[in-house]
Amino acid sequence: MGQKPSLVGGACIIAGVCVGAGMLGLPSAGAGAWTLWSVLAITLTMIVMTVSGWMLLESYQGYPLRVSFDTVTRELLGEKVNAFNNLTVYFVGGILLYAYITSAGLIIDGMTGIGSQWASILFTLGFSGLVWHSTRAVDRISVVLVIAMGLSFVFGISGLSINIKPTLLFDTLSQHASYAPYALAMLPVALTSFGYHHSVSSMRAYYGEERRARYAILGGTAIALLFYLIWLVSVFGNLPRSEFGPVVAQGGNVDVLLKALASVIESEAVASALNAFSMAAILSSFIGVGLGVFDYLADLFKFDNSRQGRAKSWAATFLPPLLLSLLFPFGFLMAIGYAGAVATLWTCIIPALLAWKVRAGKQEGKDEGFRAPGGMPMIVGVFLFGVLTAAFHLLNMAGLLPVYTG
(Lines give C-alpha, C1' and ligand atoms only; values in the text may rest on other atoms or scores of the structure.)
Protein backbone atom coordinates (compact mmCIF):
# COMPACT_ATOMS: atom_id res chain seq x y z
CA MET A 1 0.00 0.00 0.00
CA GLY A 2 1.26 3.49 -0.86
CA GLN A 3 1.25 6.30 1.63
CA LYS A 4 -2.15 7.90 2.20
CA PRO A 5 -2.36 11.52 1.03
CA SER A 6 -2.13 13.89 4.01
CA LEU A 7 -5.16 15.81 5.23
CA VAL A 8 -3.01 18.96 5.45
CA GLY A 9 -2.25 18.77 1.72
CA GLY A 10 -5.92 18.43 0.78
CA ALA A 11 -6.93 21.22 3.17
CA CYS A 12 -4.32 23.52 1.59
CA ILE A 13 -5.65 22.77 -1.91
CA ILE A 14 -9.20 23.71 -0.83
CA ALA A 15 -7.96 26.81 1.04
CA GLY A 16 -5.96 27.82 -2.05
CA VAL A 17 -9.07 27.56 -4.24
CA CYS A 18 -11.04 29.71 -1.75
CA VAL A 19 -8.51 32.37 -0.76
CA GLY A 20 -7.84 34.60 -3.70
CA ALA A 21 -9.33 37.72 -5.07
CA GLY A 22 -12.53 37.22 -3.04
CA MET A 23 -10.42 38.39 -0.11
CA LEU A 24 -9.95 41.77 -1.78
CA GLY A 25 -13.70 42.25 -2.14
CA LEU A 26 -14.57 41.43 1.47
CA PRO A 27 -13.44 44.68 3.20
CA SER A 28 -15.42 46.88 0.77
CA ALA A 29 -18.45 44.54 0.87
CA GLY A 30 -18.33 44.50 4.69
CA ALA A 31 -17.79 48.25 5.17
CA GLY A 32 -21.46 48.82 6.01
CA ALA A 33 -21.76 45.79 8.32
CA TRP A 34 -18.36 46.56 9.87
CA THR A 35 -16.47 44.18 12.16
CA LEU A 36 -18.98 42.21 14.21
CA TRP A 37 -21.68 41.66 11.56
CA SER A 38 -19.07 40.95 8.86
CA VAL A 39 -17.52 38.26 11.06
CA LEU A 40 -20.97 36.73 11.63
CA ALA A 41 -21.85 36.83 7.91
CA ILE A 42 -18.56 35.20 6.84
CA THR A 43 -18.69 32.53 9.58
CA LEU A 44 -22.28 31.59 8.70
CA THR A 45 -21.34 31.39 5.00
CA MET A 46 -18.34 29.17 5.80
CA ILE A 47 -20.54 26.71 7.78
CA VAL A 48 -23.20 26.51 5.03
CA MET A 49 -20.61 26.16 2.24
CA THR A 50 -18.76 23.39 4.12
CA VAL A 51 -21.98 21.41 4.63
CA SER A 52 -23.05 21.92 0.99
CA GLY A 53 -19.67 20.49 -0.12
CA TRP A 54 -20.33 17.49 2.12
CA MET A 55 -23.75 17.07 0.46
CA LEU A 56 -21.97 16.86 -2.90
CA LEU A 57 -19.64 14.22 -1.45
CA GLU A 58 -22.68 12.25 -0.22
CA SER A 59 -24.33 12.37 -3.66
CA TYR A 60 -21.11 11.19 -5.43
CA GLN A 61 -21.14 7.92 -3.44
CA GLY A 62 -21.82 4.90 -5.59
CA TYR A 63 -20.23 6.61 -8.62
CA PRO A 64 -16.69 5.95 -9.90
CA LEU A 65 -14.01 8.11 -8.21
CA ARG A 66 -13.31 10.24 -11.27
CA VAL A 67 -16.94 11.25 -11.73
CA SER A 68 -17.76 14.98 -11.72
CA PHE A 69 -20.58 17.41 -11.04
CA ASP A 70 -21.78 17.14 -14.62
CA THR A 71 -22.44 13.38 -14.63
CA VAL A 72 -24.11 13.22 -11.20
CA THR A 73 -26.36 16.25 -11.83
CA ARG A 74 -27.44 14.86 -15.22
CA GLU A 75 -28.27 11.44 -13.80
CA LEU A 76 -30.05 12.61 -10.64
CA LEU A 77 -31.71 15.88 -11.73
CA GLY A 78 -32.04 15.49 -15.50
CA GLU A 79 -30.62 17.07 -18.68
CA LYS A 80 -32.35 20.46 -18.38
CA VAL A 81 -31.21 21.19 -14.84
CA ASN A 82 -27.71 20.02 -15.75
CA ALA A 83 -27.55 22.23 -18.86
CA PHE A 84 -28.61 25.25 -16.80
CA ASN A 85 -26.12 24.33 -14.07
CA ASN A 86 -23.31 24.11 -16.65
CA LEU A 87 -24.24 27.51 -18.04
CA THR A 88 -23.99 29.07 -14.56
CA VAL A 89 -20.58 27.42 -13.97
CA TYR A 90 -19.33 29.09 -17.16
CA PHE A 91 -20.98 32.43 -16.29
CA VAL A 92 -19.31 32.57 -12.85
CA GLY A 93 -15.91 31.68 -14.34
CA GLY A 94 -16.29 34.33 -17.04
CA ILE A 95 -17.43 37.10 -14.67
CA LEU A 96 -14.57 36.37 -12.25
CA LEU A 97 -12.01 36.51 -15.09
CA TYR A 98 -13.58 39.83 -16.09
CA ALA A 99 -13.21 41.17 -12.52
CA TYR A 100 -9.57 40.05 -12.28
CA ILE A 101 -8.62 41.51 -15.68
CA THR A 102 -10.21 44.87 -14.82
CA SER A 103 -8.60 45.05 -11.35
CA ALA A 104 -5.17 43.95 -12.54
CA GLY A 105 -5.33 46.64 -15.26
CA LEU A 106 -6.12 49.34 -12.67
CA ILE A 107 -3.35 48.23 -10.27
CA ILE A 108 -0.71 47.95 -13.04
CA ASP A 109 -1.78 51.36 -14.36
CA GLY A 110 -1.33 52.78 -10.83
CA MET A 111 2.22 51.40 -10.71
CA THR A 112 3.34 52.21 -14.27
CA GLY A 113 0.93 54.80 -15.68
CA ILE A 114 0.56 53.01 -19.04
CA GLY A 115 -3.26 53.27 -19.00
CA SER A 116 -5.62 50.70 -17.50
CA GLN A 117 -6.86 49.33 -20.85
CA TRP A 118 -3.36 48.63 -22.17
CA ALA A 119 -2.44 47.16 -18.79
CA SER A 120 -5.47 44.81 -18.95
CA ILE A 121 -4.54 43.67 -22.47
CA LEU A 122 -0.88 43.02 -21.55
CA PHE A 123 -1.88 41.24 -18.31
CA THR A 124 -4.33 38.95 -20.14
CA LEU A 125 -2.01 38.13 -23.06
CA GLY A 126 0.97 37.58 -20.76
CA PHE A 127 -0.55 35.33 -18.13
CA SER A 128 -3.27 33.50 -20.08
CA GLY A 129 -0.38 32.15 -22.20
CA LEU A 130 0.56 29.95 -19.23
CA VAL A 131 -2.88 28.32 -19.33
CA TRP A 132 -2.60 27.83 -23.09
CA HIS A 133 0.87 26.30 -22.68
CA SER A 134 0.01 23.57 -20.14
CA THR A 135 -1.45 22.68 -16.76
CA ARG A 136 2.14 22.03 -15.65
CA ALA A 137 3.07 25.67 -16.32
CA VAL A 138 0.08 26.75 -14.21
CA ASP A 139 1.14 24.35 -11.44
CA ARG A 140 4.69 25.80 -11.38
CA ILE A 141 3.62 29.45 -11.31
CA SER A 142 0.87 28.73 -8.74
CA VAL A 143 3.44 27.45 -6.23
CA VAL A 144 5.52 30.64 -6.71
CA LEU A 145 2.41 32.82 -6.35
CA VAL A 146 1.20 31.09 -3.19
CA ILE A 147 4.63 31.63 -1.60
CA ALA A 148 4.62 35.29 -2.72
CA MET A 149 1.08 35.70 -1.42
CA GLY A 150 1.97 34.15 1.94
CA LEU A 151 5.10 36.26 2.46
CA SER A 152 3.55 39.56 1.35
CA PHE A 153 0.40 38.82 3.39
CA VAL A 154 2.37 38.11 6.58
CA PHE A 155 4.52 41.20 6.07
CA GLY A 156 1.59 43.46 5.16
CA ILE A 157 -0.65 42.12 7.94
CA SER A 158 2.05 42.36 10.62
CA GLY A 159 2.47 46.00 9.59
CA LEU A 160 -1.29 46.56 9.86
CA SER A 161 -1.91 44.50 13.00
CA ILE A 162 0.54 46.42 15.21
CA ASN A 163 -1.45 49.56 14.41
CA ILE A 164 -4.98 48.20 15.04
CA LYS A 165 -7.01 50.84 16.88
CA PRO A 166 -9.95 49.43 18.89
CA THR A 167 -11.90 52.69 18.36
CA LEU A 168 -11.77 52.08 14.57
CA LEU A 169 -12.26 48.30 14.82
CA PHE A 170 -15.49 48.66 16.82
CA ASP A 171 -16.40 52.03 15.30
CA THR A 172 -16.97 53.49 18.78
CA LEU A 173 -16.72 57.11 17.61
CA SER A 174 -19.81 56.94 15.34
CA GLN A 175 -22.99 57.79 17.17
CA HIS A 176 -26.13 55.73 16.40
CA ALA A 177 -24.54 53.93 13.43
CA SER A 178 -26.49 50.94 12.08
CA TYR A 179 -24.66 47.81 10.92
CA ALA A 180 -26.91 44.73 10.73
CA PRO A 181 -28.99 45.76 7.64
CA TYR A 182 -25.78 45.99 5.55
CA ALA A 183 -24.78 42.37 6.28
CA LEU A 184 -27.37 41.01 3.81
CA ALA A 185 -25.73 42.60 0.75
CA MET A 186 -22.39 41.17 1.86
CA LEU A 187 -23.52 37.52 1.57
CA PRO A 188 -23.02 37.08 -2.23
CA VAL A 189 -19.38 38.30 -1.91
CA ALA A 190 -18.83 36.04 1.12
CA LEU A 191 -20.28 33.11 -0.86
CA THR A 192 -17.84 33.73 -3.75
CA SER A 193 -15.02 33.61 -1.18
CA PHE A 194 -15.86 29.97 -0.33
CA GLY A 195 -16.49 28.64 -3.84
CA TYR A 196 -14.47 25.40 -3.94
CA HIS A 197 -17.30 23.07 -5.00
CA HIS A 198 -15.89 22.18 -8.42
CA SER A 199 -12.93 20.65 -6.48
CA VAL A 200 -15.05 18.25 -4.38
CA SER A 201 -14.79 15.42 -6.91
CA SER A 202 -11.00 15.96 -7.12
CA MET A 203 -10.75 15.62 -3.31
CA ARG A 204 -12.79 12.40 -3.38
CA ALA A 205 -10.55 10.98 -6.10
CA TYR A 206 -7.43 12.18 -4.22
CA TYR A 207 -8.32 10.31 -1.01
CA GLY A 208 -10.23 7.46 -2.60
CA GLU A 209 -13.02 7.83 0.00
CA GLU A 210 -15.56 10.32 1.31
CA ARG A 211 -14.67 10.43 5.01
CA ARG A 212 -11.11 11.74 4.65
CA ALA A 213 -12.21 14.11 1.88
CA ARG A 214 -14.77 15.50 4.35
CA TYR A 215 -12.01 16.49 6.81
CA ALA A 216 -9.88 18.02 4.06
CA ILE A 217 -12.85 20.20 2.98
CA LEU A 218 -13.50 21.28 6.58
CA GLY A 219 -9.79 22.02 7.11
CA GLY A 220 -9.63 24.06 3.88
CA THR A 221 -12.70 26.19 4.61
CA ALA A 222 -11.49 26.74 8.21
CA ILE A 223 -8.07 27.96 6.98
CA ALA A 224 -9.81 30.28 4.49
CA LEU A 225 -12.09 31.63 7.26
CA LEU A 226 -9.06 32.32 9.48
CA PHE A 227 -7.34 34.24 6.64
CA TYR A 228 -10.47 36.33 6.00
CA LEU A 229 -11.00 37.18 9.67
CA ILE A 230 -7.36 38.27 10.22
CA TRP A 231 -7.52 40.36 7.02
CA LEU A 232 -10.82 42.06 7.90
CA VAL A 233 -9.76 42.86 11.46
CA SER A 234 -6.45 44.27 10.18
CA VAL A 235 -8.13 46.47 7.54
CA PHE A 236 -11.05 47.61 9.72
CA GLY A 237 -8.67 48.35 12.63
CA ASN A 238 -6.63 50.71 10.44
CA LEU A 239 -9.03 52.33 7.99
CA PRO A 240 -11.91 54.35 9.50
CA ARG A 241 -15.40 53.25 8.40
CA SER A 242 -16.04 56.70 6.91
CA GLU A 243 -13.01 56.30 4.59
CA PHE A 244 -14.78 53.44 2.78
CA GLY A 245 -17.20 55.91 1.16
CA PRO A 246 -14.96 56.68 -1.86
CA VAL A 247 -13.95 52.99 -2.18
CA VAL A 248 -17.59 51.84 -2.32
CA ALA A 249 -18.48 54.75 -4.66
CA GLN A 250 -15.90 53.41 -7.15
CA GLY A 251 -17.43 49.93 -7.15
CA GLY A 252 -15.09 48.51 -4.48
CA ASN A 253 -12.22 48.51 -6.97
CA VAL A 254 -9.09 47.07 -5.40
CA ASP A 255 -6.79 49.91 -6.49
CA VAL A 256 -8.99 52.44 -4.63
CA LEU A 257 -8.95 50.28 -1.46
CA LEU A 258 -5.13 50.00 -1.66
CA LYS A 259 -4.75 53.77 -2.10
CA ALA A 260 -7.04 54.40 0.90
CA LEU A 261 -5.00 51.94 3.00
CA ALA A 262 -1.70 53.46 1.84
CA SER A 263 -2.90 56.88 3.03
CA VAL A 264 -3.32 55.66 6.64
CA ILE A 265 -0.23 53.41 6.82
CA GLU A 266 2.96 55.19 7.82
CA SER A 267 5.27 52.57 6.29
CA GLU A 268 6.07 52.50 2.56
CA ALA A 269 7.22 48.88 2.86
CA VAL A 270 3.88 47.72 4.32
CA ALA A 271 1.97 49.52 1.54
CA SER A 272 4.21 47.83 -1.07
CA ALA A 273 3.68 44.42 0.60
CA LEU A 274 -0.11 44.89 0.41
CA ASN A 275 0.19 45.87 -3.26
CA ALA A 276 2.26 42.73 -3.92
CA PHE A 277 -0.22 40.60 -2.00
CA SER A 278 -3.18 41.96 -3.98
CA MET A 279 -1.43 41.41 -7.29
CA ALA A 280 -0.43 37.83 -6.35
CA ALA A 281 -3.99 37.08 -5.13
CA ILE A 282 -5.55 38.38 -8.35
CA LEU A 283 -3.00 36.62 -10.55
CA SER A 284 -3.31 33.24 -8.78
CA SER A 285 -7.11 33.45 -8.95
CA PHE A 286 -6.96 34.51 -12.61
CA ILE A 287 -4.79 31.52 -13.54
CA GLY A 288 -6.75 29.04 -11.38
CA VAL A 289 -10.18 30.12 -12.64
CA GLY A 290 -8.80 30.46 -16.20
CA LEU A 291 -7.56 26.87 -16.17
CA GLY A 292 -10.93 25.60 -14.88
CA VAL A 293 -12.89 27.47 -17.58
CA PHE A 294 -10.33 26.47 -20.26
CA ASP A 295 -10.68 22.73 -19.47
CA TYR A 296 -14.44 23.04 -19.14
CA LEU A 297 -14.84 24.69 -22.57
CA ALA A 298 -12.40 22.29 -24.23
CA ASP A 299 -14.60 19.44 -22.98
CA LEU A 300 -17.86 21.20 -23.89
CA PHE A 301 -16.88 22.11 -27.47
CA LYS A 302 -14.68 19.00 -27.93
CA PHE A 303 -11.58 21.08 -28.80
CA ASP A 304 -8.61 18.70 -29.02
CA ASN A 305 -5.32 19.09 -27.18
CA SER A 306 -3.28 20.11 -30.25
CA ARG A 307 -1.75 23.62 -30.44
CA GLN A 308 -4.66 24.68 -32.64
CA GLY A 309 -7.29 23.08 -30.37
CA ARG A 310 -5.74 24.74 -27.30
CA ALA A 311 -5.71 28.09 -29.16
CA LYS A 312 -9.48 27.75 -29.72
CA SER A 313 -10.04 26.93 -26.03
CA TRP A 314 -7.82 29.91 -25.09
CA ALA A 315 -9.81 32.30 -27.32
CA ALA A 316 -13.17 31.09 -25.95
CA THR A 317 -11.91 31.42 -22.36
CA PHE A 318 -10.05 34.74 -22.29
CA LEU A 319 -11.22 36.95 -25.17
CA PRO A 320 -14.88 37.52 -24.07
CA PRO A 321 -13.93 38.65 -20.50
CA LEU A 322 -11.11 40.85 -21.87
CA LEU A 323 -13.46 42.49 -24.37
CA LEU A 324 -16.07 43.11 -21.64
CA SER A 325 -13.40 44.55 -19.37
CA LEU A 326 -12.34 47.04 -22.09
CA LEU A 327 -15.93 48.02 -22.91
CA PHE A 328 -17.45 48.11 -19.39
CA PRO A 329 -14.74 48.47 -16.72
CA PHE A 330 -17.22 48.74 -13.85
CA GLY A 331 -16.69 47.67 -10.28
CA PHE A 332 -14.90 44.68 -8.88
CA LEU A 333 -17.55 44.26 -6.16
CA MET A 334 -20.40 44.34 -8.64
CA ALA A 335 -18.81 41.54 -10.68
CA ILE A 336 -18.01 39.46 -7.58
CA GLY A 337 -21.59 40.00 -6.34
CA TYR A 338 -23.01 38.76 -9.67
CA ALA A 339 -20.74 35.72 -9.47
CA GLY A 340 -21.95 35.03 -5.91
CA ALA A 341 -25.63 35.37 -6.82
CA VAL A 342 -25.32 32.91 -9.72
CA ALA A 343 -22.90 30.58 -7.91
CA THR A 344 -25.62 29.94 -5.28
CA LEU A 345 -27.08 27.51 -7.81
CA TRP A 346 -24.14 25.09 -7.84
CA THR A 347 -22.77 25.77 -4.36
CA CYS A 348 -26.06 25.54 -2.38
CA ILE A 349 -29.21 24.79 -4.36
CA ILE A 350 -27.98 21.87 -6.52
CA PRO A 351 -26.01 20.15 -3.66
CA ALA A 352 -29.13 20.32 -1.43
CA LEU A 353 -31.34 18.89 -4.22
CA LEU A 354 -28.79 16.11 -4.95
CA ALA A 355 -28.61 15.09 -1.26
CA TRP A 356 -32.41 15.12 -1.01
CA LYS A 357 -32.73 13.00 -4.18
CA VAL A 358 -30.09 10.50 -3.02
CA ARG A 359 -31.75 10.07 0.38
CA ALA A 360 -35.22 9.76 -1.15
CA GLY A 361 -33.92 6.93 -3.35
CA LYS A 362 -32.37 4.92 -0.50
CA GLN A 363 -34.34 2.25 1.31
CA GLU A 364 -34.66 2.74 5.04
CA GLY A 365 -32.34 0.66 7.19
CA LYS A 366 -29.71 0.17 4.49
CA ASP A 367 -26.07 0.98 5.31
CA GLU A 368 -25.91 4.71 4.76
CA GLY A 369 -22.21 5.17 4.01
CA PHE A 370 -21.14 8.81 4.29
CA ARG A 371 -23.91 11.28 5.11
CA ALA A 372 -23.82 15.06 5.53
CA PRO A 373 -25.01 16.02 9.03
CA GLY A 374 -28.25 17.72 10.05
CA GLY A 375 -30.86 15.59 8.30
CA MET A 376 -33.70 17.17 6.34
CA PRO A 377 -33.61 20.53 8.23
CA MET A 378 -30.01 21.03 7.06
CA ILE A 379 -30.94 20.28 3.41
CA VAL A 380 -33.74 22.87 3.64
CA GLY A 381 -31.37 25.32 5.39
CA VAL A 382 -28.67 25.08 2.70
CA PHE A 383 -31.28 25.37 -0.07
CA LEU A 384 -32.85 28.46 1.53
CA PHE A 385 -29.45 30.07 2.16
CA GLY A 386 -28.75 29.76 -1.57
CA VAL A 387 -32.13 31.17 -2.61
CA LEU A 388 -31.94 34.07 -0.12
CA THR A 389 -28.35 35.00 -1.03
CA ALA A 390 -29.33 35.26 -4.70
CA ALA A 391 -32.46 37.24 -3.71
CA PHE A 392 -30.40 39.65 -1.57
CA HIS A 393 -28.15 40.33 -4.56
CA LEU A 394 -31.14 41.09 -6.82
CA LEU A 395 -32.70 43.33 -4.13
CA ASN A 396 -29.37 45.10 -3.72
CA MET A 397 -29.16 45.73 -7.48
CA ALA A 398 -32.71 47.05 -7.51
CA GLY A 399 -31.75 49.49 -4.73
CA LEU A 400 -34.08 47.82 -2.21
CA LEU A 401 -31.37 46.93 0.33
CA PRO A 402 -29.54 49.61 2.34
CA VAL A 403 -26.21 50.45 0.65
CA TYR A 404 -23.37 51.92 2.66
CA THR A 405 -22.10 55.18 1.11
CA GLY A 406 -19.74 56.39 3.87
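Let me start with cysteine 12, which, at a relative accessibility of 45%, counts as partly exposed. Please keep in mind throughout that what we have on the screen is a predicted model.

Cysteine 18, by contrast, has a relative accessibility of 5% and therefore counts as buried. Are these two cysteines bonded to one another, or apart, and how far is the sulfur of cysteine 18 from the closest cysteine sulfur? The distance is 12 Å, to the sulfur of cysteine 12, and that is too far for a bond, given that a disulfide requires the two sulfur atoms to lie within 2.5 Å. Seen from the other side, cysteine 12 is in no disulfide, and the nearest cysteine sulfur to it belongs to cysteine 18. For the structure as a whole, the number of disulfides is zero.

Let me move on to the helix packing, beginning with helix α3, residues 34-60, and helix α11, residues 210-236, which pack at an angle of about 165° with their axes 10 Å apart. Because angles over 145 degrees fall in that class, α3 is roughly antiparallel to α11. The crossing of α3 past α11 is right-handed. On the α3 side the contact includes Trp34, Met46, Trp54 and Leu57, while on the α11 side it includes Glu210, Arg214, Tyr228 and Phe236. By residue class, this contact of α3 with α11 divides into 15 nonpolar, six polar and two charged residues.

The second pair is helix α5, residues 79-112, with helix α15, residues 307-327, and here the packing angle is about 55°, with the axes 8 Å apart. That angle makes α5 oblique to α15, and α5 passes α15 in a right-handed crossing. From α5 the contact is made by Tyr90, Gly94, Leu97, Tyr98, Ile101 and Thr102, and from α15 the residues taking part include Phe318, Pro320, Pro321 and Leu324. The residues of this contact of α5 with α15 are 10 nonpolar, four polar and no charged.

Finally, a single position towards the end of the numbering I want to show: where does alanine 390 sit? Alanine 390 is placed in helix α17, which covers residues 375-397, and with a relative accessible area of 17% it is buried. Leaving aside residues up to four places away in sequence, alanine 390 touches Ala341 and Thr344. As for leucine 122, it is separated from alanine 390 by 268 residues in sequence and, C-alpha to C-alpha, by 34 Å in space.

Notes: Residues numbered from 1 in each chain as written. Predicted model: local features only at pLDDT ≥ 70, side-chain atom pairs only at ≥ 80, totals over all residues. Heavy atoms only, no water. Axes fitted to C-alpha atoms, helices over the stretch in contact; angles between N-to-C directions. Helix = DSSP H or I, 4+ residues; strand = E, 2+ residues; numbered from the N terminus. Parallel < 35°, antiparallel > 145°, perpendicular 65-115°, else oblique. Left-handed = near helix turned anticlockwise from the far one by under 90°. Contact = heavy atoms within 4.5 Å. Nonpolar A, V, L, I, M, F, W, Y, C, P; charged D, E, K, R; others polar. Buried < 20%, exposed > 50% of the residue type's maximum accessible area, 1.4 Å probe, protein only.
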